[in-house]
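Open the model in your viewer and keep the selection box at hand. Each stop on this tour tells you what to pick and what you will find there.

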Amino acid sequence: MTPNPDIVFRASGLTKVYRNGALEVHALRGINFQARKGEFIVILGPSGSGKSTFLNIVGGLDTATAGEAWFADHQLTALNEKGLTQYRRDHVGFVFQFYNLVPSLTARENVQLVTEIARHPMTADEALALVGLSERADHFPAQLSGGEQQRVAIARAIAKNPEVLLCDEPTGALDSATGIKVLEALTQVNRAVGATTLVITHNAAIRDIADRVIRFADGRIVEESVNTTKKAASEVVW
Amino acid sequence: MVIAPLRRKVLRDLVRLWAQVLAIALVLAAGVATLILGNGAYSSLFEARARYYEQNRFADVFADVTRAPRALLAQIEEIEGVLDAEARILKLGLLDLSEMKEPGSVLFVTLPDSGKGLNQLHLRRGRLPDPQSAREVIIDDGFAKAHTLGPGDTLPVMMNGQQRKLLITGVALSPEFIYALGPGQMMPDPRRFGIVWVPRSSLEAAFDLEGAFSNVVLKLAPGADPNRVIEALDRLTAPYGGTGASPRKDQISHAFLDAELKQLSAMVKVLPPIFLLVAAMLVNMTLSRLITLEREQIGLLKAIGYSSRAVAQHYVEFVLLIAVVGILIGMAAGTWLGAGMAQMYARFFSFPYLVFTRNPQIYGLAAVITLASAIGGAVYAVSTVVRLPPAVAMAPPAPATYRQRMGWVRKLIRLKQPGVMVARHLFRWPLRTASSTLGVAMAVAILVASLWSFGSINYMIDITFFRSDRQDAQVVFAAPEPQRTLFAVRKMPGVLVAEPFRTVSSRISHRQLSKKLVIVGHPAGSQLSRVLGADLRPMALPDDGLILSEALADALDVRAGDLVTIDVLEGARPTVTLRVSGISLGFVGLSAAMDIGALNRLMGEDALVSGVNLMIDEGQSPAFYAAAKAAPKTELITITALMLSRFRQTLAENITVMITVYTSLATIIAVGVVYNFSRIALSEQGRELASLRVLGFTNREVAGVLFAELAVVVLLAQPIGWLIGYGIGLAMVAAFSSDLYRVPFVVGREVFATASLVVLAAALVSAFAIRGRINNLDMIEVLKTRE
Ligand SMILES: Nc1ncnc2c1ncn2[C@@H]1O[C@H](COP(=O)(O)OP(=O)(O)OP(=O)(O)O)[C@@H](O)[C@H]1O
Ligand SMILES: [Mg+2]
């Protein structure tokens, strides 16, 4: 198989089993998946269906039990701890439900945390401008609202010019108006940076801004649909 | 038995936090152990001595005379306040053992009257001599052991210039010689110095003192003023060459025991408080963190009806259990160290029995003090529990507010973001940062305050024996001799240089202060025994006037140029006023030096010499010893090299023990502080650090953030520790210095370096213990949960 240079992610037969003593939890039961460069993908599915587990494996935070996952020409499932760290450092931007900002650093410094170790970063101020937070650069997380904190997290994620942007319920802790601002930031960044973006959400309305929507259930991908009428984030209602 | 759920939580917390609990318990244990060791050794020694003195009727006043008729004794007994008086003969003799090439000496002492006599013997083996026998004697236990002598053996000696073969009938101890320091020695050396108790008649005959005595000891009535008795005694003995009586506190053996007791009480004042303070800080730190983590649980407990007191008690119990663990470990360690200490004392001090105290009060006191300091450390943290209203407790804690500080510093050193995290975190909890720094500093301080002494002692040896008293040997005559005796010594085999000296017993007074000592006269331009100034250069001895050692000048409150009164206590006993022309350096005893000619003129005597300092050709030293021993005038031969090697050997044995003990103590503190600090920092920042791992920071970089914080604390602690240690050392020097010796305070760079290296090593070890936890930070867990 000649890899299509346009394909950023490939996963085949990806399986994850958690073992707690005698108890086995099959979180992923053979996932086959591909994502193109610059694609904006929304992942939906009921709680416990394996969405986070999948995202964590393709993000290099967790390892699979079986199957393969590739990022470009890196086989993620073959990398060791050190390799995975390097992969995250060079290629991946993360956004999480609980922001996970460093409370002792200001917004700008939180972004700089990444630009200092990245290979081709933009400046922290550019990243903050992309999410519309230039004014708040010198504020500590405790001085920012939830939505603002999440935008800082996005700025931090994209500041390294990542090839992939992985977001696990980025609007989960936010009200709708704030959630829309965060989504706008995400779509704008997706366009500006060209990063392949995977967004897990429980909010089906968000599907309208995606290029493609994937639905998980019980550790499998049960539905995949290409969105032909992509809306802008501001047009989304929920 | 049903254990209440809160109790069960206490036990679970202890198990869960066992490493931190153990680290705190060990610091507490060190406090307990040093308390027990210090107080226990003090009371053991003090009580053993008191009991020994009491049972063996140790005298209160001691006086030497040249020769006084026994009839004088009746008058002495009449002095008001005197309960008992015993006239004795004390004379030095030389050992004449064939297997001993080097010179050794013995002190002959009149056998005390059995029953009602003073300074009674504690017979270890054999029997008392027949009072009428001319040969039978008792020897002291240490000397007997050093030469494997016992009842039935003969002891060849030079007694008043004559060879004698004495017969040993018994081996004994005496309260007068608990610390049996030979004349001219720095450490007891039982191989080269022994006590020989001889029946009165035999000793009188040997030293031509029939019906006379050379020393008298008094037992005073309870409450009698020793100074008034001494005054009266001195008046009576003056016509017979009395050199002035001394109270018990100036008696050599007693004074050395006093010095040891003083050191012990100084130790108790310094070490245990350090440990208890650090332990209290650790308790506070750890408990505060635990309570922060358990805010919600505390709120819940209060919400369901537990009283604030019950919840507070829960945390106090947690601390009490830590303290109990510490106390148990500390008591075991203290008892073990105490037994070791008692063994070490047995090497220097001869007591009939010396066991480490089992006094429950000492153990109880240590336990109470330790509990108190642990609870003291818990008070602040626990009070926050009491104040926490249940509703607030249920809400997450307000986010830590950080501030931008010292922006200019950042610009200056261009910190990277992880560096900024470190700095902000340290500043966010300044009290914790400060107390951890102080804790580590204390570890450094303990080492500095203990390690300096070795360098100082070496310095003291160097100054005393290689710059000041540089003679290879010293020969002391039984009485001042004319010049020809000096010439006779010069002719002995192996003598390269011989310089005479004169000693005169005197009392030197300045205002109300006075000291009794021996003034030494040196010839001008002495090459062997030199008087050194503060600049370590030999001082010229003035034609008139005298030079006092620093310690003596301090004791008399004298400065160069002041006038002092000298009451000579021998010969024609003149009283003169002399100018102090300079202050000399000197660490052992009190000393006053004059030009030998001036001293003889002052005495109104011809050129007399009391002894000779010698430089000996090493190859011929055995021949020299033999000749010196055989010379009839010789009373004492001191060999510098032998005295020094004994001193160094004893020191070397103690150094290893001391370094081990102090290094362990410092390590306990350093590990305890560093480990707890890192665990708490990790607990607080675990989430941030895991987030950094998610962002692609490597394990090493993440560990670096935590370790940088530690490094700042540990490095900052070094200079502070040096300073505190220096201060403690300075206070110790003041506490230790006595008329017997004065310790120079010399702290070389190596002391600071060693102290820091030990503490840094301990910090590194604790850091490595944390490393595993950093490597296992759960990245996914941290993403799923809100803090
Ligand atoms: N560390 C773990 N040990 C055991 N089972 C786990 C572990 N982590 C996740 N699981 C299980 O794996 C399954 C998938 O979990 P995952 O977190 O991927 O679900 P999810 O789709 O993200 O759900 P949600 O929408 O609630 O976040 C669940 O059944 C979960 O209980
Ligand atoms: Mg999830």
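Start by selecting Asp234(B). Asp234(B) has a relative accessible area of 15%, so it counts as buried. Bear in mind as you go that this is a predicted model.

**Stop 1: the partner of Asp234(B)**

Add Arg507(B) to the selection. The two side chains form a salt bridge, with 3.4 Å from N to O. This pair ties together distant parts of the chain, 273 residues apart. Asp234(B) sits in helix H6 (residues 226–237) of chain B. Arg507(B) belongs to strand E13 (residues 495–510) of chain B.

Is Arg507(B) buried or exposed, or in between? Its relative accessible area is 24%, which makes Arg507(B) partly exposed.

**Stop 2: across to Ala423(B)**

Keep Arg507(B) and select Ala423(B). Along the chain these two are 84 residues apart. Draw a distance between their C-alpha atoms and you get 65 Å. Ala423(B) lies in helix H13 of chain B. With a relative accessible area of 26%, Ala423(B) is partly exposed.

**Stop 3: a buried pair**

Now pick Asp189(B) and Arg192(B). They make a salt bridge, and their closest N and O atoms are 3.0 Å apart. Both Asp189(B) and Arg192(B) are buried.

**Stop 4: the domains of chain B**

Colour chain B by domain. Domain 1 covers 90–208. Domain 2 is made of 429–470 + 640–787. Domain 3 runs over 495–616.

Show domain 2 of chain B and domain 3 of chain B together. Their centres, taken over C-alpha atoms, are 46 Å apart. In the contact, 13 residues of domain 2 of chain B meet 16 residues of domain 3 of chain B. About 1,400 Å² is buried between these two domains, and carbon and sulfur atoms give 50% of that area.

Which residues of domain 2 of chain B lose the most area to domain 3 of chain B? Select Arg470(B), Asp739(B) and Arg742(B): together they account for 48% of what that side buries.

Stay with Asp739(B) and add Lys515(B). Their side chains meet in a salt bridge, at 2.6 Å from N to O. Between domain 2 of chain B and domain 3 of chain B, the count is two salt bridges. Nine residue pairs are in polar contact across this interface. On the domain 2 side, the touching residues are six nonpolar, two polar and five charged.

**Stop 5: where chain B meets chain A**

Bring chain A into view. Chain B puts 31 residues into the contact, and chain A puts in 27 residues. The area buried between the chains is about 2,700 Å², with 59% from carbon and sulfur atoms. On the chain B side, select Gln417(B), Leu695(B) and Leu783(B). These lose the most area to chain A, together 24% of what that side buries.

How many salt bridges join chain B and chain A? The count is three salt bridges. Select Glu81(A) and Arg693(B) to see a salt bridge between their side chains, at 2.1 Å from N to O. In addition, 11 residue pairs are in polar contact across the interface of chain B and chain A.

Next, highlight the helices of chain B that give two or more residues to this side: H13 (417–428), H19 (640–694), H20 (699–736) and H22 (779–784). Of these, H19(B) gives the most, with six residues. By class, the side of chain B that touches chain A has 14 nonpolar, seven polar and 10 charged residues.

**Stop 6: a link within chain A**

Hide chain B and select Arg108(A) with Asp138(A). Their side chains form a salt bridge, 2.6 Å from N to O. The pair joins distant parts of the chain, 30 residues apart. Arg108(A) is in helix H3 (residues 107–115) of chain A. Asp138(A) is in the loop between helix H4 (124–130) and helix H5 (146–158) of chain A.

What is the relative accessible area of Arg108(A)? The value is 23%, so Arg108(A) is partly exposed. Asp138(A) is also partly exposed, at 41%.

**Last view: the whole structure**

Show everything again. Over all chains, the structure has 40 salt bridges.

Definitions and conventions:
Residues numbered from 1 in each chain as written. Chains lettered and ligands numbered in written order. Predicted model: local features only at pLDDT ≥ 70, side-chain atom pairs only at ≥ 80, totals over all residues. Heavy atoms only, no water. Salt bridge = Lys/Arg side-chain N within 4 Å of Asp/Glu carboxyl O. Helix = DSSP H or I, 4+ residues; strand = E, 2+ residues; numbered from the N terminus. Buried < 20%, exposed > 50% of the residue type's maximum accessible area, 1.4 Å probe, protein only. Domains from an automatic or database assignment. Contact = heavy atoms within 4.5 Å. Buried area = accessible area lost by both parts, 1.4 Å probe. Polar contact = N/O pair within 3.5 Å; in protein donor to acceptor, adjacent residues only side chain to side chain. Nonpolar A, V, L, I, M, F, W, Y, C, P; charged D, E, K, R; others polar.
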